[in-house]
Amino acid sequence: MISSKLSLVALVAGALTLGACTQPGGSILAQPGDPNQKTKNGALIGAASGALIGALAKDDNRGDGALVGAVLGGALGAGIGYNLDKQEAELRQQMGGDVQIVNTGDRLIVTLPNNLLFATGSTALTPTLQGDLRALAQNVQVYANSTLQIVGHTDSDGDAAFNQTLSEGRARSVANTLIANGVPPQRVQTFGRGESQPVASNLTPDGKAQNRRVEIVILPNPS
């Protein structure tokens, strides 16, 4: 009985893997040219999670649980992917070209350049991207079933302890602006990463500019 149930789980997992690998490039990550790819990714991720949960059920129907879990998880994941696609499209219309938006299939990452947000060494927001933050606040109130993680980053210039404190203060400043524009505070979390998570080399001015940033990670909540 246990062997057959495990085989069923393996079959579900294998089908999901095959489905992922038949996408262009053989990856479950978003692929260019397919507007529905992130929705498909969400369905695959949800189905795999649902199959695992169903398989671990403590009753005599684990095999059935894996199949039911895969179906329900896939539907939930597809719904999350679809909503993220819609939210991403609307944010691109509502926010300016200086803001970068990445849709990973299970979250949105909105990156704001620090040079347009803050003066050097300051945690006080400049007026430059205030309109974009207001637009973001309005958008996430429409798509209310999510948590916002505000993450501050710096380059490696100066003292590491100062950069850590600076990144934390800048994350709080962005969070406070979103809250002031209607986002419930319980949905907002802030983090400072200082200089510890660069996305480019700190040996060039362009690389340093890329590393000085605030990321707003929009994470859909499980229903």
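Strands, such as the one that holds Asn103, are DSSP runs of E with at least two residues, numbered from the N terminus. The views below show a predicted model.

**View 1. Asn103 in strand S1 and its polar contacts.** Asn103 belongs to strand S1. Its relative accessibility is 6%, below the 20% cut-off, and Asn103 therefore counts as buried. The side chain of Asn103 makes a polar contact of 3.2 Å with the side chain of Asp85. A polar atom of the Asn103 side chain also lies 2.9 Å from the backbone nitrogen of Gly105.

**View 2. The hairpin of S1 and S2.** Strand S1 (residues 100-103) pairs with S2 in the antiparallel sense, over four bridges. Four residues separate the two strands of this hairpin, and Gly105 in the turn has a positive phi of about 100°. Across the pair, Ile101 stands opposite Val110 of S2.

**View 3. Strand S2 and its pairing with S5.** Strand S2 (residues 108-113) is largely enclosed by the rest of the structure, because five of its six residues are buried. S2 and S5 run antiparallel and are joined by six bridges. Two positions illustrate the register: Leu108 stands opposite Ile218 in S5, and Ile109 has Val217 of S5 as its bridge partner.

**View 4. The five-stranded sheet and the helices packed on it.** The sheet is open, with mixed pairing and the strand order S1-S2-S5-S3-S4. S1 and S4 are the edge strands, each pairing on one side only. From one strand to the next, the twist averages 20°. Helix H5 lies across S2, S3 and S5, and runs at about 10° to S5. Helix H6 also packs on the sheet, where it touches S3, S4 and S5, and its direction makes about 160° with that of S4.

**View 5. Helix H6, its buried residues and its ends.** Helix H6 (residues 160-180) contains 21 residues and reaches 30 Å from its first C-alpha to its last, close to the 30 Å expected at 1.5 Å a residue. Its buried residues include Asn163, Leu166, Arg170, Val174 and Leu178. The buried residues of H6 pack against helix H4 (114-117), helix H5 (130-142), strand S3 (146-153), strand S4 (188-192) and strand S5 (213-220). At the N-terminal end, Asp159 caps H6, with a side-chain oxygen 3.0 Å from the backbone nitrogen of Ala161. After H6 comes Gly182, whose phi is positive, near 105°.

Note on methods
Residues are numbered from 1 along each chain as its sequence is written. This is a predicted model: local features need pLDDT of at least 70, side-chain atom pairs count only at pLDDT 80 or more; totals for chains, interfaces and linings use all residues. Side-chain values use heavy atoms; hydrogens and water are left out. The expected span of a helix is 1.5 Å times one less than its number of residues. Buried means under 20% relative accessible area, exposed over 50%, partly exposed in between (1.4 Å probe, protein chains only). Contact means heavy atoms within 4.5 Å. A polar contact is a pair of N or O atoms within 3.5 Å; within protein, one must be able to donate a hydrogen and the other to accept it, and residues adjacent in sequence count only if both atoms are side-chain atoms. Two strands pair if DSSP finds at least two bridges between them. Axes are lines fitted to C-alpha atoms, for helices over the stretch in contact, and angles run from 0 to 180 degrees between N-to-C directions.
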